[in-house]
Amino acid sequence: MSVVSLEPPTYLSSLQNNIRARPIPWEGAVRAGNITEDHLKKIKAVDKVRKEQRRQTIDGDLLGYVSLLAGGAEGKSVLESAARRSDIVQYILVLAADLINDAPSLSSALVAHPDPYKPFLPLLHHSTNAEDPIPLLTSTFLTNLVSLSLTSSSKPTVRDEEALPQLYSYLSTLTQNQDSGLQDIGVQELSALLRTSSSRQIFWNERKQTVDPLIEILRAAAGAKENSSSSSLAGSSSRVVDTGISGGVGLQLLYRVLLVLWQLSFEGRLLGEELQADYEIIQLYSHLLRLSPKEKTTRLLLATLNNLLSSNRTSLLPVAVFVRLPALLTTLSGRHLTDPDLLEDLKSLREMLEEYTKTQTTFDQYAAELQSGHLRWSPPHRNPTFWKDNARRILDESNGALPKKLAEIMSKSWENDKQVLAIACNDVGHLVKELPERRGQLEKLGLKTRVMELMADKDESVRWESLRAVGEWLRYTFDD
């Protein structure tokens, strides 16, 4: 799938232009020992000249310019020499980014250097002040260089594997910043780094730091409160949520965050189930599909869902059906959509879900509802035949995964949707009624204790269902 070309963020361009315009007392810096005569000679030969002249100068002394930026046999990098002069460091970082953009041969030569990141990585930690331009400018240069290095080798290099966590860590501080300009830079640079399987896996391994802030941006766009569950956004929820892209999330930022998660979804086999378990990604993306303001955002949402569902059919297709994704895709198909990639993914998703629903059983529907983390009064809950036929399977399937999920759901307060607790109590009561000899399994999960606590809940329906469930337990107490 092709992606929209992304222009450099305005915030960054403005900062770079401002620094380029600053006068630097170079001769004084040489006298003070901040830089060498050789450094100054090379800088002046490529500073404030036309791109073609700059490229020719660099090509004529390639090793000299590699040494200027990364250090080598000729001496230390200019960044290490000028470490105490913030004005010079800022200027060199902007110039370095210009040099590798205007002279591709320099980028390739730097990648061939044994340790090209050494003078740059410490600058990511120059200060914790978000207003300090040095870490920001460093990340821009390093992102360009590491991105090239990643795609230049068939195997990940040790230096890239060591540099990426540091880059991800810094860029994730930008994605959490309240300034949308800095968020924009952070997300765009993350996207530039996620070009290989190894870089995506490293990104996922740091997910508390890297993925969490991106999901919060999407939840804000969907109208969910920070740190809230995505369950309330599911198509099956009876609650009303705000419509429209909200939370102050601009369209461009939304697109860039979706782009990053689309790139990540190519590792669907590795992370699909955990994306759902940790972030309820299917519910969130289904809701965002309803709100998507442009074809370019709809395209990324569908492409990501296609990657995740096709690589996790057993675990994620039931959830997709539960949150009514098939009906949503039918609605989308009725719109006048023109993007060929979008239409291809839409067709693929509809066919995949249609094939699955043909063989889906009532048990599959119930299991999917539990796995979604959000219960509603769907038909199985109040169907005695369902419980008679499936209670044992519910307790035994996947080493008791379903009752564990039920316990997890019941452990939450559900202040805004008390019916979830009422339904959970109903289910516990049915399990005890059908398989009283398995009460111990449920008690070990804390379900009996929790049901008894809920007898004092302020919600009448919760109190009633918990009372009924406790009644099933009491029925057998005197027989033990």
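1. In this predicted model, M455 is placed in the loop that joins α26 (447-453) to α27 (460-477). With a relative accessible area of 35%, M455 is partly exposed, because the partly exposed class lies between the limits of 20% for buried and 50% for exposed. M455 also contributes to a nonpolar surface patch of about 410 Å², whose other members are M452, W464 and L467.

2. Helix α13 covers residues 207-222, 16 residues in total. From its first C-alpha to its last, α13 reaches 21 Å, which is close to the 22 Å expected at 1.5 Å a residue. Of the 16 residues of α13, 13 are buried, and the helix is therefore largely enclosed by the rest of the structure. The residue that follows α13 is G223, with a positive phi near 95°.

3. A search of the whole structure for aromatic pairs returns seven. One of them is formed by F120 and F141, whose rings are stacked, with 4.3 Å centre to centre and 20° between the planes. F120 belongs to the loop between α8 (104-112) and α9 (133-152), whereas F141 belongs to helix α9, so this pair ties together parts that are 21 residues apart in sequence. Is each partner buried or exposed? F120 counts as buried because its relative accessibility is 0%; F141 likewise counts as buried, at 0% relative accessibility.

4. W262 and F266 form an edge-to-face aromatic pair, with 75° between the planes and 5.1 Å centre to centre. As regards exposure, W262 is buried, with a relative accessible area of 10%, while F266 counts as partly exposed at 45% relative accessibility. The two residues fall into separate classes because buried means under 20% relative accessible area and partly exposed begins above that limit.

5. A further aromatic arrangement deserves mention. Y366, F386 and W387 together form one aromatic cluster.

6. Two tyrosine rings have a basic side chain over them. R159 lies over the face of Y117, at 5.5 Å from the ring centre. In the case of Y255, the charged end of K296 sits over the ring, 4.9 Å from its centre.

Definitions and conventions
Residues are numbered from 1 along each chain as its sequence is written. This is a predicted model: local features need pLDDT of at least 70, side-chain atom pairs count only at pLDDT 80 or more; totals for chains, interfaces and linings use all residues. Side-chain values use heavy atoms; hydrogens and water are left out. Patches are made of residues with over 30% relative accessible area and no salt bridge: like charges are joined within 9 Å, nonpolar side chains (Val, Leu, Ile, Met, Phe, Trp, Tyr) within 5 Å. Accessible areas come from the Shrake-Rupley method with a 1.4 Å probe; for residues, only the protein chains shown count as cover. A salt bridge is a side-chain nitrogen of Lys or Arg within 4 Å of a carboxyl oxygen of Asp or Glu. Helices (H or I, at least four residues) and strands (E, at least two) are DSSP runs, numbered from the N terminus. Buried means under 20% relative accessible area, exposed over 50%, partly exposed in between (1.4 Å probe, protein chains only). The expected span of a helix is 1.5 Å times one less than its number of residues. Rings of Phe, Tyr and Trp (its six-membered ring) pair if their centres lie within 6.5 Å; planes under 30 degrees apart count as stacked, over 60 as edge-to-face and the rest as tilted. A charge sits over a ring if NZ of Lys or CZ of Arg is within 6 Å of the ring centre and within 35 degrees of the ring normal.
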